[in-house]
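Hello,

I am passing on the structure we talked about, with a few notes on what I found. Please have a look at it before you read on.

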Amino acid sequence: MKDYKPRILDTLLTRKLEAKGAILIEGPKWCGKTTTALQQAKSVLRMDNPLEKEQNLRLSKLNPIRLLNGDTPRLIDEWQIAPTLWDTIRYEVDQRGEMGQFILTGSAVPPDTKEITHSGTGRFSWITMRPMSLYESGE
């Protein structure tokens with residue numbers, strides 16, 4: 001990977017990880033959501049990995065808690081592919097009772113919300129990410 005250019009959002013992500021159990025980073029494709037989250041994640045689940053996508057989707061329906069195992073904060077990239085993970089993450093945040101457990105990244109495409117029963121209030125914090133600014137890129 002090329003050298004990481006620090007983002008304004010890095011500090012905000014650090015603060016939110018100290019205050020909530022899970023952070024959701026939303027934004028357009030290729031704005032740096034995953035790359036930024038990787039700077040603080042200790043483990044990663046890439047839901048869109050073609051080699052594991054079908055297996056992960058099946059597991060998200062049969063035993064989603066297994067997908068959450070890993071060092072924290074655990075990055076769940078493209079989480080919206082398996083919207084059932086939302087409620088499982090909310091439940092795990094409650095059970096663990098610790099801050100900074102999960103970072104979720106996904107494009108601004110809304111998930112199929114009929115599979116989500118909880119709003120995430122009190123457990124999740126949201127961050128909207130934009131493409132890199134001229135200030136951040138050093139232009």
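Below are my notes on the sheet, the helices that pack on it and the cores. Please keep in mind that this is a predicted model.

Let me begin with the sheet. It is open, has five strands in the order S2-S3-S4-S1-S5, and pairs them in parallel. Strands S2 (43–46) and S5 (124–128) are the edges: each has a single partner strand, so one side of each lacks a neighbour in the sheet. On average, neighbouring strands are turned by 20° against each other, direction ignored. S1 (residues 22–27) and S5 run parallel and are joined by five bridges; Ile23 has Ser125 as its bridge partner in S5.

Two helices are worth a look here. H1 (residues 9–19) packs on the sheet, where it touches S1, S4 (102–107) and S5, and its direction makes about 175° with that of S5. H4 (residues 84–96) lies across S1, S3 (74–77), S4 and S5, and runs at about 160° to S4.

Now to the interior. The largest nonpolar core has 18 residues, and those touching the most other members are Ala22, Met47, Ile76, Leu85, Ile89, Phe102 and Leu104. At least two residues each come from S1, H3 (53–62), H4 and S4, with H4 giving the most, four. Beyond its neighbours within four places in sequence, Phe102 contacts residues including Leu17, Ala22, Ile76, Ile89 and Val93. There is also a second, separate core of twelve residues, among them Leu9, Leu17, Leu75 and Met129.

Best wishes

How values were computed
Residues are numbered from 1 along each chain as its sequence is written. This is a predicted model: local features need pLDDT of at least 70, side-chain atom pairs count only at pLDDT 80 or more; totals for chains, interfaces and linings use all residues. Side-chain values use heavy atoms; hydrogens and water are left out. Two strands pair if DSSP finds at least two bridges between them. Axes are lines fitted to C-alpha atoms, for helices over the stretch in contact, and angles run from 0 to 180 degrees between N-to-C directions. Contact means heavy atoms within 4.5 Å. A nonpolar core is a set of buried Ala, Val, Leu, Ile, Met, Phe, Trp, Tyr and Cys residues joined through side-chain atoms within 4.5 Å. Buried means under 20% relative accessible area, exposed over 50%, partly exposed in between (1.4 Å probe, protein chains only).
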